[in-house]
Amino acid sequence: MAVTTSPKADKQTLKLVEALDEIGVSRAAFYRMRARGQAPRHLKLPNGQIRIRRVDLDAWFDSCEVQEAC
């Protein structure tokens, strides 16, 4: 079964503070993760603000899942 998303959901972006609140990390932790290449994909606007697409945040969060050995 294919999962479909609406075009509006694909274009939804979050402000950095909204994304950080959702994943529960501080701004400083985000910038450390970004420097190590471990942060979710994001957009940097011409004014320097950062936005994160909803689909990118969800994909990043899913990639953090750990498979535990039985």
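**Notes on the fold and its aromatic pairs**

1. Let's start with contacts. Taking those between residues at least 6 apart in sequence, 44% link residues at least 24 apart in the protein. Keep in mind that this is a predicted model.

2. On to the secondary structure. You'll find four helices and three strands in the protein. Reading from the N terminus, the order of elements is α-β-α-α-β-β-α.

3. Now burial and surface. The protein has 70 residues, and 24% of them are buried. Its accessible surface is about 5,500 Å², and carbon and sulfur atoms account for 53% of that area.

4. Next, the aromatics: there are two aromatic pairs in the structure. Phe30 and Tyr31 form an edge-to-face pair, because their ring planes sit at 80° and the cut-off for that class is over 60 degrees. Their ring centres are 5.5 Å apart. How do the partners sit, buried or partly exposed? Phe30 counts as buried, with 0% relative accessibility, while Tyr31 is partly exposed at 34%.

5. The other pair is Trp60 with Phe61, whose ring centres are 6.2 Å apart. Why does this pair count as tilted? The planes make an angle of 40°, and planes under 30 degrees apart would be stacked while those over 60 would be edge-to-face, so what lies between is called tilted.

6. As for cover in that pair, Trp60 has 16% relative accessibility, which means it falls under the 20% limit for buried. Phe61 has a relative accessible area of 48%, so the residue is classed as partly exposed; the exposed class needs over 50%.

Technical notes. Residues are numbered from 1 along each chain as its sequence is written. This is a predicted model: local features need pLDDT of at least 70, side-chain atom pairs count only at pLDDT 80 or more; totals for chains, interfaces and linings use all residues. Side-chain values use heavy atoms; hydrogens and water are left out. Rings of Phe, Tyr and Trp (its six-membered ring) pair if their centres lie within 6.5 Å; planes under 30 degrees apart count as stacked, over 60 as edge-to-face and the rest as tilted. Buried means under 20% relative accessible area, exposed over 50%, partly exposed in between (1.4 Å probe, protein chains only). Helices (H or I, at least four residues) and strands (E, at least two) are DSSP runs, numbered from the N terminus. Contact means heavy atoms within 4.5 Å. Accessible areas come from the Shrake-Rupley method with a 1.4 Å probe; for residues, only the protein chains shown count as cover.
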